Amino acid sequence: LRLSGRLVDARHATPDWDECLQRLASEHVTVDLGGVTDIDARGLGMLAELARETKAVGGRLSVTSASPRIRRILAVTHLDALLDDRRNATLAA
């Protein structure tokens, strides 16, 4: 899944978010944040929700290509365990 722009709560733009979440949750989901310029608390919540749903079906979620700024935000919120790149070990969501 490749994301770009601002990662904010898309529930208002995607009324079927719960259905999308269930379709996305699978054995392994990789979220490429290389194009993400900003992320707010609601966007972080959506990322955490996807991680929980993926874990519930026995899978894992990993995040790649996060900018240093996004990495700092993930670290502050303890979502940095989702990072999956050469500098970080892959961890279960």
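## A walk from the sheet to helix α3

Start by selecting β2 and β3: the two strands run parallel to each other and are joined by 5 bridges. For a spot to zoom in on, pick Thr 30 and then Ser 62 in β3, which is its bridge partner. Keep in mind as you look around that this is a predicted model.

Now add α3 to your selection. This helix packs on the sheet, where it touches both β2 and β3. Turn the view until you can compare directions: α3 makes about 110 degrees with β2.

**The whole sheet**

Next, bring in β1 as well. What order do the 3 strands of the sheet take? They go β1-β2-β3, paired in parallel, and the sheet is open. β1 (2-7) and β3 stand at the edges with a single partner strand each, so one side of each has no neighbour in the sheet. Look along the sheet and you can see the twist: on average, neighbouring strands are turned by 35 degrees against each other, ignoring direction. As for what holds such an arrangement together, strands of a sheet pair through backbone hydrogen bonds, in either a parallel or an antiparallel way.

**Around helix α3**

Go back to α3 and select residues 68-76. Which residues of this helix are buried? Ile 70, Arg 71 and Leu 74 are. Looking down the helix axis, you'll find these buried residues within an arc of 105 degrees, so they line one face of α3. There's a simple rule behind patterns like this: an α-helix has 3.6 residues a turn, so residues three or four places apart point the same way.

What do the buried residues of α3 pack against? Show β2 (28-39), α2 (41-56) and β3 (60-64), and you have their packing partners. Then spin the helix round to the face turned away from the buried side: Pro 68, Arg 72 and Val 76 are exposed there.

Step just past the end of α3 to His 78, and check its backbone: phi is positive here, at about 65 degrees.

**Zooming out**

Finally, show the whole protein chain and colour it by secondary structure. You should count 3 helices and 3 strands, and if you trace them from the N terminus they come in the order β-α-β-α-β-α. Of the 93 residues, 39% are buried. Switch on the surface, and its accessible area comes to about 5,500 Å², with 52% of that belonging to carbon and sulfur atoms. One last thing to try is drawing contacts: among those between residues at least 6 apart in sequence, 75% join residues at least 24 apart.

Notes: Residues numbered from 1 in each chain as written. Predicted model: local features only at pLDDT ≥ 70, side-chain atom pairs only at ≥ 80, totals over all residues. Heavy atoms only, no water. Buried < 20%, exposed > 50% of the residue type's maximum accessible area, 1.4 Å probe, protein only. Helix = DSSP H or I, 4+ residues; strand = E, 2+ residues; numbered from the N terminus. Arc of directions from axis to C-beta. Contact = heavy atoms within 4.5 Å. Areas by Shrake-Rupley, 256 points an atom, 1.4 Å probe, with all protein chains shown as cover. Pairing = 2+ DSSP bridges. Axes fitted to C-alpha atoms, helices over the stretch in contact; angles between N-to-C directions.
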